[in-house]
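Me: I keep running into labels like "buried" and "stacked" and I'd like to know where they come from. Can we go through this one together?

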Amino acid sequence: MNYDDLKKALSKLPLGEVKYFDSIGSTNTEALAWATTDTKDLSLVIADEQTAGRGRLDRKWFTPPGTALAFSLIVHPTAEESSYLTRIVGLAALAIVDALQARSLIAQIKWPNDVLLNGRKVAGILVESVWSGEEVDYVVIGIGINVLKGAVPPADLLQFPATSLEESLGPAMEREEILRDILAGIIALRPHLGTDSFIASWEKVLAFRGEQVQIEEANGSFTVGKLLGLEPDGSLRLSDEQSNSITVRFGDVHLRPHR
Ligand code: BT5
């Protein structure tokens, strides 16, 4: 990635400072450390390659050089935004969906943090917050997107099938422009974070709505039910066989195999 092209693409956005790395361990780790030093709101860390990219629960995120977008945005939430922190993953996911829609791609959000194209994972989001006592100091929104085919890891390393934008759009794609559109989307959606229409827009693009799913939690336990939508805090709303409502806060969604 060329730093001058990057600066040019981002020049009209109201960002804080921008740090670019040809290669780094993890942009989220860098952003978390940087944010402790009075960093401005909307400062950005971006890297062409990550050698220790992270997913949730210490899973790995692959970012080979020259093929992907990997970046972390530092957000200092306002007092009002601090009441809606659990919606920030939705903010990032919706901004990605919108940027893809502008390129005529219909993407869906696999709750809580994956973006799917044609049922395959094209992007992942890792939101991390740092607290001082009861107050959140800052939030780091980490986003990884498979732009070119070379970004997609081998199938045996994946729990869920993956794809790249190139598979749908062909190779002529500027990573800088996709980045710009996603950041612009986050900035534009941010004032709506606390609104009902924000949840409605998020819910509208949820994958597997109306389908039987199982949610696997970190401890290996499963919750099964029909995926109905979202609670106001961004938790997943299911119904069980007796039509009782179930709320799930953490986990990975799997389609429930037909028996
Ligand atoms: C995620 O976690 O999907 C969050 C990924 C966030 C990555 C960004 S890149 C910029 C920033 N800096 C970081 O260090 N991280 C963030 P999770 O839902 O836990 O999914 C992780 C799983 O996705 C892995 O266990 C793999 O199975 C799969 N995976 C890894 N790399 C992938 C890729 N490039 N494309 C598709 N799937 C991948």
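**Around the ligand, then the rings**

Reply: Sure! Keep in mind that this is a predicted model. The ligand is surrounded by 30 residues, and the closest are S26, R54, R59, K121 and Q159.

Me: What makes the pair of S26 and the ligand a polar contact?

Reply: A polar side-chain atom of S26 lies 2.7 Å from an oxygen atom of the ligand. The cut-off for a pair of N or O atoms is 3.5 Å, and this pair is within it, so it counts. T27 has a polar side-chain atom 3.0 Å from a nitrogen atom of the ligand, and for N146 and a ligand nitrogen atom the value is 2.8 Å.

Me: How much of the ligand does the protein bury?

Reply: Taken alone, the ligand exposes 800 Å², and the protein buries 97% of that. Elements giving two or more residues to the shell are α2 (27-34), β3 (68-75), β6 (120-132) and β7 (135-146). By class, the shell has 11 nonpolar, 13 polar and 6 charged residues.

Me: On to the rings. How many aromatic pairs does a search of the whole structure find?

Reply: The search finds 2 aromatic pairs.

Me: Why is the pair of Y3 and Y20 called stacked?

Reply: Their ring centres are 5.9 Å apart, which is within the 6.5 Å needed for a pair. Their planes are at 20°, and under 30 degrees counts as stacked, so that's the label. Y3 sits in helix α1 (residues 3-10) and Y20 in strand β1 (residues 18-24), so the pair ties together parts 17 residues apart in sequence.

Me: Why is Y3 called partly exposed, and what is Y20?

Reply: Y3 has a relative accessible area of 32%, which falls between the 20% and 50% cut-offs, so it's partly exposed. Y20 comes in at 16%, under 20%, so Y20 counts as buried.

Me: What makes F198 and W202 an edge-to-face pair?

Reply: The ring centres are 6.0 Å apart and the planes are at 65°; over 60 degrees counts as edge-to-face, so the name fits. Both residues lie in helix α7 (residues 196-204), 4 residues apart, about one turn of the helix.

Me: How do you know whether F198 and W202 are buried or exposed?

Reply: F198 has 3% relative accessible area and W202 has 0%. Both values are under 20%, so both residues are buried.

Me: And what lies over the face of F160?

Reply: That's K110, at 4.5 Å from the ring centre. The distance limit is 6 Å, so K110 is within it.

Methods. Residues are numbered from 1 along each chain as its sequence is written. This is a predicted model: local features need pLDDT of at least 70, side-chain atom pairs count only at pLDDT 80 or more; totals for chains, interfaces and linings use all residues. Side-chain values use heavy atoms; hydrogens and water are left out. A residue is near a molecule or strand if one of its heavy atoms lies within 4 Å of it. A polar contact is a pair of N or O atoms within 3.5 Å; within protein, one must be able to donate a hydrogen and the other to accept it, and residues adjacent in sequence count only if both atoms are side-chain atoms. Accessible areas come from the Shrake-Rupley method with a 1.4 Å probe; for residues, only the protein chains shown count as cover. Ala, Val, Leu, Ile, Met, Phe, Trp, Tyr, Cys and Pro count as nonpolar, Asp, Glu, Lys and Arg as charged, and the others, Gly among them, as polar. Buried means under 20% relative accessible area, exposed over 50%, partly exposed in between (1.4 Å probe, protein chains only). A charge sits over a ring if NZ of Lys or CZ of Arg is within 6 Å of the ring centre and within 35 degrees of the ring normal.
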